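Here is a walk through one protein model, from the inside to the surface. Keep the coordinates open as you read.

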Amino acid sequence: MVYAIVRAGGRQEKVSVGDLVTLDRLSGAEGSTIELTALLLVDGEKVTSAAQELAKVKVTAEVLGNLRGPKISIQKFKNKTGYKKRQGFRADLTRVKITSIA
């Protein structure tokens, strides 16, 4: 089984060909192809982690679309002072399909 660990959006993801992965928002239109940086490559029993060899590895993905993550509610409250604050957050995400690891 061939898989790679890639860096995407400040995090690391384990991907193989055909996987659907949700990453932080990437620049690129729907249907475009992007290239991800490989940090580790596992090809059967062989593990590649040397920087010179990983520079030759290309992990390509197709952008399926942009979406937004779940709503996160942030509430702060201090007793007896009348202080309360309410805030919400939704992450901007991109869904991609891994097309090749070469």
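The paragraphs below take up the core, then two residues linked by contact, then a surface patch.

This is a predicted model. Start with the largest nonpolar core, which has 18 residues. Ala-4, Val-15, Leu-36, Val-59, Val-96 and Ile-98 touch the most other members. Which elements give two or more residues to this core? They are strand 1 (2–8), strand 3 (20–24), strand 4 (33–43), strand 6 (59–68) and strand 9 (92–101). Strand 4 gives the most, with 4 residues.

Now select Ile-98. Neighbours within four places in sequence are left aside here. Ile-98 is then in contact with Val-15, Leu-36 and Val-59, and these three are among the core residues that touch the most other members. The contacts of Ile-98 also include Ser-16, Val-17, Gly-18, Asp-19 and Val-21. Thr-60 and Ala-61 complete the list.

Follow the contact to Ser-16. This residue lies in the loop between strand 2 (11–15) and strand 3. Is Ser-16 buried or exposed? Its relative accessibility is 13%, so Ser-16 counts as buried; the cut-off for buried is under 20%. With neighbours within four places in sequence again left aside, Ser-16 is in contact with Met-1, Val-2 and Tyr-3. Ile-98 and Ile-101 are also in contact with Ser-16.

Finally, go to the surface. Ile-72, Ile-74 and Phe-89 form a nonpolar patch there. Together they have about 250 Å² of accessible area. Ile-74 is placed in strand 7 (residues 72–78). Ile-74 has a relative accessible area of 32%, so it is partly exposed.

Technical notes. Residues numbered from 1 in each chain as written. Predicted model: local features only at pLDDT ≥ 70, side-chain atom pairs only at ≥ 80, totals over all residues. Heavy atoms only, no water. Core = buried A, V, L, I, M, F, W, Y, C linked by side-chain atoms within 4.5 Å. Buried < 20%, exposed > 50% of the residue type's maximum accessible area, 1.4 Å probe, protein only. Contact = heavy atoms within 4.5 Å. Patch = residues over 30% accessible without salt bridge, like charges linked within 9 Å, V, L, I, M, F, W, Y side chains within 5 Å. Areas by Shrake-Rupley, 256 points an atom, 1.4 Å probe, with all protein chains shown as cover. Salt bridge = Lys/Arg side-chain N within 4 Å of Asp/Glu carboxyl O.
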